[in-house]
Amino acid sequence: MGRATLPLVILLMACAAAAQPPGTGGREDAAVRLSRVGQLVAEDVPNDAGGVIALGWVLDGEGALPDSLRVVRRTADGNETVLAMLSGGSTSFDDTTASDGTEYSYVIVSLGTGADPVFSGEVTASSSAQWLHSGRIGMLVILAILSFFIFWFIETSRRGRQFYIREIAGLASVEDAVGRATEMGKPVLYIPGIMDMDDIQTIASMVILGRVALKTAEYGSPLLVPTCRSVVMSVAQEVVRESYMQAGRPDTFRREDIQYLTDDQFGYAAGVDGIMVREKPAAIFLLGTFYAESLILAETGRGIGAIQIAGTAMPSQIPFFVAACDYTLIGEELYAASAYLSKEPKLLGSLKGQDAAKLFFIVLIVIGVLAATVGGFWAPMRGVADFLRSLVAVS
Amino acid sequence: MRLVIPLSITLITGLIMILNYFVPHEPFRFLGDNLQEWYMIVASAAIFLGTINLVQVHVRKIRLKLTNWRYSPVTLVGLVIMLVTGLIYGVVEGAPFDFLFQSMVVPMGATMFSLLAFFVASAAFRAFRASNWRATLLLTSAFLVMLGQVPIGSMLWDKIPLAKVWLMAIPNTAGQRAVMIGAAMGVVATSLRMIFGIERSYLGGSD
């Protein structure tokens with residue numbers, strides 16, 4: 001019996017071992033197979049200052065998710081460096097330690113407990129710096145065209161040619177508004193928006209403030225400038241002081257009238273509303289960047305009966321100003337204000353150049369619209385539309 | 001000389017920032033990034049100027065007993081309390097500074113913001129008066145958009161929401177883009193005028 005059953009028992013044990021699923025028993029080292037990193041790509045990051053190579057990959061999914069991924073870099077002379085240990089689900093890595101012009105090989109190793117490391121294929125790449133951002137060439141062309149028109153018209157005006165500039169009602173009324181305030185013996189309130197000096201609308205507003213301050217200095221009206229940012233306050237104080245000096249009235253400059261209120265948007269709105277209600281200015285200028293506080297300020301100003309001149313390039317706030325103010329500078333008119341008020345030939349020439357460039361781009365837009373429409377059924381026009389689209393696309 | 005130095009600084013920094021946008025290569029990236037950091041440092045330091053100005057203005061009002069001077073102590077006390085609680089207990093959640101901020105500053109800001117609803121109503125009432133054909137057009141458009149936004153619009157006529165979508169997507173978007181394109185050109189022109197010293201009124205003169 002014993003001799004007869006022994007082979008049978010061994011056979012049964014062998015069958016049971018063969019039928020066992022992997023990892024549930026038996027030898028540990030043969031249990032787990034890890035997913036391998038596949039489709040590994042290494043390439044220089046475009047439009048940068050160099051020194052960066054981007055790696056991207058996918059896991060083949062033919063095994064378990066690795067616990068971690070080891071990114072290994074090799075150089076031609078055999079140096080091997082472990083760049084990073086990433087989590088098992090990572091699919092990209094930027095090597096920011098590359099030297100430009102040096103060719104590197106990259107391998108990514110899948111690692112897991114109780115499993116053999118699985119190596120990816122090897123890819124090579126080298127980094128380089130670019131001298132021109134390829135995604136911004138169109139913008140550069142547009143800037144060049146615009147600059148050409150502006151400088152050409154400035155030069156033309158410098159030679160003495162007179163240009164017609166259409167009347168902008170809001171700007172034509174600046175002197176009237178300041179004069180009215182003077183006659184009524186009330187101050188002029190200038191609100192330069194709620195953004196800091198790194199905002200171009202605030203910069204434009206500061207330039208206009210200089211012109212308005214020149215008028216208030218000439219007329220002898222008090223000028224109040226509550227600001228929402230400390231830097232704007234400092235700049236406004238200097239701009240107004242310079243204007244008062246230029247007008248020959250430095251003695252009437254009052255630094256304390258250009259004050260900082262708060263950085264808080266609605267705190268600023270409350271503070272300015274308080275100034276309006278207490279001081280009752282006869283003229284209010286709202287020029288700069290405004291958000292939700294625009295209508296709160298403009299309606300309060302309207303409530304006290306002040307003449308209001310507003311201007312902003314924020315499309316969402318323009319309707320509020322149109323509804324609540326006497327005059328509104330829409331978009332580009334805000335940037336044209338200083339040139340318009342100065343009447344200096346060079347500045348007026350730059351305005352004319354801007355208009356000429358605008359006409360040029362209007363023609364381009366019309367061509368683009370026609371090309372995109374006709375291009376739906378005529379391939380050559382589709383090419384024109386694609387070219388124009390690529391010109392204005394910025395990355 | 002009074003104008004040469006600031007104009008030179010404007011020209012050099014302006015050109016660096018333009019080049020930084022188009023040229024990713026060093027040294028322009030380094031210079032551009034650093035100039036932006038410098039601005040942040042200057043702006044951070046300027047907060048002290050703002051605080052000093054605030055104190056000076058209100059102390060002067062109290063000292064000279066100017067009109068409405070009684071509001072000034074409230075401002076100064078508020079400034080001191082927030083400053084002290086922030087410096088002693090920090091600004092983390094649950095700290096006295098946070099409590100004061102959440103219990104006073106936030107509700108007061110919300111109060112100001114809520115005023116907007118009433119101001120919108122009064123401004124809309126004025127703007128939508130059909131005084132001429134353009135105002136009538138505005139009134140009609142606004143009426144359609146508002147009606148298309150609420151369920152009763154589609155109940156009255158199922159095309160009203162479509163009219164609203166068309167008004168918002170076509171004429172409104174076209175108008176907004178026109179403003180934005182014009183403004184973008186104004187930005188470029190203003191920047192060029194300032195960088196190249198053509199506009200120098202902010203420095204106090206044209207000579």
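This section describes the predicted model of chains A and B, from the fold of chain B to selected elements of chain A.

Chain B is built from seven helices and has zero strands. Read from the N terminus, its elements run α-α-α-α-α-α-α. The radius of gyration of chain B is 26 Å, whereas a compact globule of 207 residues would have one near 17 Å. Along the principal axes, the C-alpha atoms of chain B fill a box of roughly 65 × 50 × 40 Å. Of the 207 residues in chain B, 16% are buried. Sequence-distant pairs were also examined. Among contacts in chain B between residues at least 6 apart in sequence, those joining residues at least 24 apart make up 21%.

Two loops of chain B carry backbone features of note. The loop between helix H1 (4-22) and H2 of chain B contains Pro27(B). A cis peptide bond links this proline to Glu26(B), with omega at about 10°. The loop between H2 and helix H3 (71-89) of chain B holds Asn68(B). Asn68(B) is not a glycine, yet its phi is positive, near 60°. The residue is exposed: 11 other C-beta atoms lie within 10 Å of its own.

The two chains meet through 53 residues of chain B and 66 residues of chain A. On the chain B side, the elements that contribute two or more residues are H1, H2, helix H4 (96-127) and helix H7 (160-195). H7(B) provides the largest share, 14 residues. By residue class, this side of chain B comprises 31 nonpolar, 16 polar and six charged residues.

In chain A, helix H6 covers residues 230-246. At 1.5 Å a residue, its 17 residues should span 24 Å, and the end C-alpha atoms are indeed 24 Å apart. Of these 17 residues, 12 are buried, so the helix is largely enclosed by the rest of the structure. The buried set begins with Ser230(A), Val231(A), Val232(A) and Met233(A). It also includes Val235(A), Ala236(A), Gln237(A), Val239(A) and Val240(A). Glu242(A), Ser243(A) and Tyr244(A) belong to the buried set as well. The cover over these residues draws on both chains. From chain A it includes strand S9 (188-193), helix H5 (200-219), strand S10 (223-227) and strand S11 (258-260). From chain B it includes helix H2 (28-64). After H6(A) comes Gly248(A), with a positive phi near 75°.

A further positive phi occurs in chain A. Lys343(A), though not a glycine, has a phi of about 60°. This lysine sits in the loop between helix H10 (332-342) and helix H11 (345-374) of chain A. Lys343(A) is exposed, with 9 other C-beta atoms within 10 Å.

Chain A also contains an open sheet of three strands, ordered S1-S2-S5, with antiparallel pairing. Strand S1 (37-44) and strand S5 (92-95) stand at the edges. Each has a single partner strand, so one side of each is left without a neighbour in the sheet. Neighbouring strands of this sheet are turned against each other by 15° on average, direction ignored. Strand S2 (residues 53-59) pairs with S5(A) over four bridges in the antiparallel sense. Opposite Leu55(A) stands Phe93(A) in S5(A).

Parallel pairing is found in chain A between strand S12 (residues 283-289) and S13(A), which are joined by five bridges. One bridge pairs Ala283(A) with Ile307(A) in S13(A). Strand S13 spans residues 307-312 of chain A. Six of its six residues are buried, so the strand is largely enclosed by the rest of the structure. In a regular strand, side chains alternate between the two faces of the sheet. Both faces of S13(A) are covered. On one side, Ile307(A), Ile309(A) and Gly311(A) are buried. On the other, Gln308(A), Ala310(A) and Thr312(A) are buried too.

Key. Residues are numbered from 1 along each chain as its sequence is written. Chains are lettered from A and ligands numbered from 1 in the order in which they are written. This is a predicted model: local features need pLDDT of at least 70, side-chain atom pairs count only at pLDDT 80 or more; totals for chains, interfaces and linings use all residues. The expected span of a helix is 1.5 Å times one less than its number of residues. A residue is buried if 20 or more other C-beta atoms lie within 10 Å of its own, exposed if 12 or fewer, and partly exposed in between; C-beta atoms are placed from the backbone. Two residues are in contact if their C-beta atoms, placed from the backbone, lie within 7 Å. Ala, Val, Leu, Ile, Met, Phe, Trp, Tyr, Cys and Pro count as nonpolar, Asp, Glu, Lys and Arg as charged, and the others, Gly among them, as polar. The radius of gyration is taken over C-alpha atoms; the globule rule is 2.2 Å times the number of residues to the power 0.38. Two strands pair if DSSP finds at least two bridges between them. Axes are lines fitted to C-alpha atoms, for helices over the stretch in contact, and angles run from 0 to 180 degrees between N-to-C directions.
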